[in-house]
Structure formats: C-alpha cells, structure tokens
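The exercises below concern the structure shown here. Please attempt each task before reading its solution.

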Amino acid sequence: MSDAALRAQALEGLAERLRGCTRCPLSEGRTMVVVGAGDPDADLMFIGEAPGANEDRTGLPFVGQAGGLLDGLLGGIGLSREQVFIANVLKCRPPGNRDPRPEEIAECRGFLVEQVALVRPRVICALGNFATRLLSGHPDGIGRVHGQPLPITMGGVDAILYPVYHPVAALYTRAMLGTLQEDFARIPSLLTAGSAPASPRSRAPRPAPAPPGVEATSQLGLF
Ligand code: SF4
C-alpha cells in the first residue's frame, strides 16, 4: 500500500474515533461530529473554528452560505473542495455558536494535530480570527495578519500558516469579498513556493519554503 493510501486509511480510523468521542461536554449537545473532509493527501488545508448549525446537522464542514462562498473563492484560484482538506479546531458544535472554551480546545486539539500530521499540507489556511490566533500562538487579530504567510511546525509537519478572513465575514460586509479574493489569489504561489514536490510525492516533514514576505518562524503556541 502506498504512503498516501496508508495515511488515508489512518485518517478514516481517526474519523471513526472522532465519531464516538465523548472527551468534552460538547458531545452531549451535538447532532453529528464534523470530522473534516477532502483530499487526504491535500497540499492545502483549511482550518476553521468549530461547526455551526448546518455543519452539525449534515456532519460536513463549511456548508451553507459560508461554504458556498468558500467554494467560490476556491474556484477563483482553480481549485475545488475535493482538492483540499477542510477541518475545524473543534469537531463538535458549541451551543449557540459560542466561542470554544479552553478545556474543549485542550481535549480536541490532539485530533487536529493528528489530521495535520496525516494530511501533511504545505499550506494551512486559518479561516478567521479564532483559528488564526490559536494556530499562530500570537494575539494579533485577523485584521492585522490576514494575507501574511508564516512558517510554522504542527504535528511534526513544516508548513506555511496563511490567515484569511472567515468567509462568513463577506456575508455581512460585501467589501470583504474583495479582500478575501485578493488573499486567496496568493495561495497558488504559496503552494508552489520553495521546493517542488518529489515524484512520487514524498510528504515526510520538510523544511518550510520561505516565500516572499515571510519574515518569521513560529512554533505553535497551543499546538
Ligand atoms: S469537541 Fe472534540 S473533544 Fe469534544 S466531544 Fe467533540 S470530538 Fe470530542
């Protein structure tokens, strides 16, 4: 079995564990665990905060209006949802869409680290303020750091953290769509920056490429 097939199999095993997870109280109110979805060998991974009502109902990440916007933004750079991997920091919906609590993050974060370690993305796109602060380990908000790539290490994988506004922001502020489109337009160059993938692709932890504008390296504060 190929390395990619083994990692895909391990991801499915992780999904099974997640579906039965009762490690934090969010298990009591959820309808479905939102494991994450997409290409288990994706170069580009999106990480949001936590499932909303539509995700909780369907078990899929980023559905509804925000999901449609994400699909459109991906289409704008020639990608489809099937070519990326989409996950959240928390896999179960916080009631009333409240912010995740530290103890919930502490219980769930290991699952996200496992997902990153198995998918081995080159670029991790943090969607919105919460995911950006958590993954960067820095308090700077999304308004300050969006569109600014930062080399990170997560789950033993060297990658580029690339914060963008959460697509839902464009539902409330139409001008935000232009900002999102501009930030998304830089993703293809981030994916190809630095070393080209080996053939067949070897996804062992690798040094992060340093695209233009990258000035600092971050070890993740919470991961
Ligand atoms: S949020 Fe994470 S830790 Fe909590 S029950 Fe769901 S899968 Fe388990």
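Glu 55 is buried, with a relative accessible area of 10%; buried means under 20% relative accessible area, exposed over 50%, and partly exposed in between (1.4 Å probe, protein chains only). The model is predicted, so local features need pLDDT of at least 70 and side-chain atom pairs count only at pLDDT 80 or more, whereas totals for chains, interfaces and linings use all residues. Residues are numbered from 1 along each chain as its sequence is written, and side-chain values use heavy atoms, with hydrogens and water left out.

**Exercise 1. Place Glu 55 in the fold and list its contacts.**

Step 1. Glu 55 belongs to helix H3, residues 53-58. Helices (H or I, at least four residues) and strands (E, at least two) are DSSP runs, numbered from the N terminus.

Step 2. Setting aside neighbours within four places in sequence, Glu 55 is in contact with Val 34, Leu 60, Pro 61, Phe 62 and Val 63; contact means heavy atoms within 4.5 Å.

Step 3. Between Glu 55 and Gly 67, 12 residues apart in sequence, the C-alpha to C-alpha distance is 9.7 Å.

**Exercise 2. Compare the settings of Phe 62 and Asn 97, two residues other than glycine with a positive phi.**

Step 1. Most residues other than glycine have a negative phi.

Step 2. Phe 62 has a phi near 55 degrees and lies in the loop between H3 and helix H4 (64-76). Phe 62 is buried, at a relative accessible area of 5%.

Step 3. Asn 97 has a phi near 60 degrees and lies in the loop between E3 and H5. With 44% relative accessibility, Asn 97 is partly exposed.

**Exercise 3. Which residues of the largest nonpolar core touch the most other members, and which elements supply the core?**

Step 1. A nonpolar core is a set of buried Ala, Val, Leu, Ile, Met, Phe, Trp, Tyr and Cys residues joined through side-chain atoms within 4.5 Å.

Step 2. The largest such core has 35 residues, of which Met 45, Ile 47, Phe 85, Leu 112, Val 116, Ile 124 and Leu 135 touch the most other members.

Step 3. At least two residues of this core come from each of helix H1 (3-19), strand E2 (44-48), strand E3 (85-88), helix H5 (102-119), strand E4 (123-127), H6, strand E5 (150-154) and strand E6 (157-164). H5 gives the largest share, seven residues.

Step 4. Beyond neighbours within four places in sequence, Val 116 is in contact with Met 45, Ile 47, Pro 121, Ile 124, Met 154 and Val 157. A separate core has 27 residues, including Leu 44, Leu 73, Ala 170 and Ile 187.

**Exercise 4. Describe helix H6 and the residue that follows.**

Step 1. Helix H6 spans residues 128-136, and its buried residues are Gly 128, Ala 131, Thr 132, Leu 134, Leu 135 and Ser 136.

Step 2. Gly 137 follows H6 and has a positive phi, near 75 degrees.

**Exercise 5. Is Leu 150 buried or exposed?**

Step 1. Leu 150 is located in strand E5.

Step 2. Its relative accessibility is 16%, so Leu 150 counts as buried.

Step 3. The C-alpha atoms of Leu 150 and Ile 160 are 5.5 Å apart, although the two residues are 10 residues apart along the chain.

**Exercise 6. Summarise the protein chain as a whole.**

Step 1. The secondary structure comprises 10 helices and seven strands.

Step 2. Of the 223 residues in the protein chain, 48% are buried.
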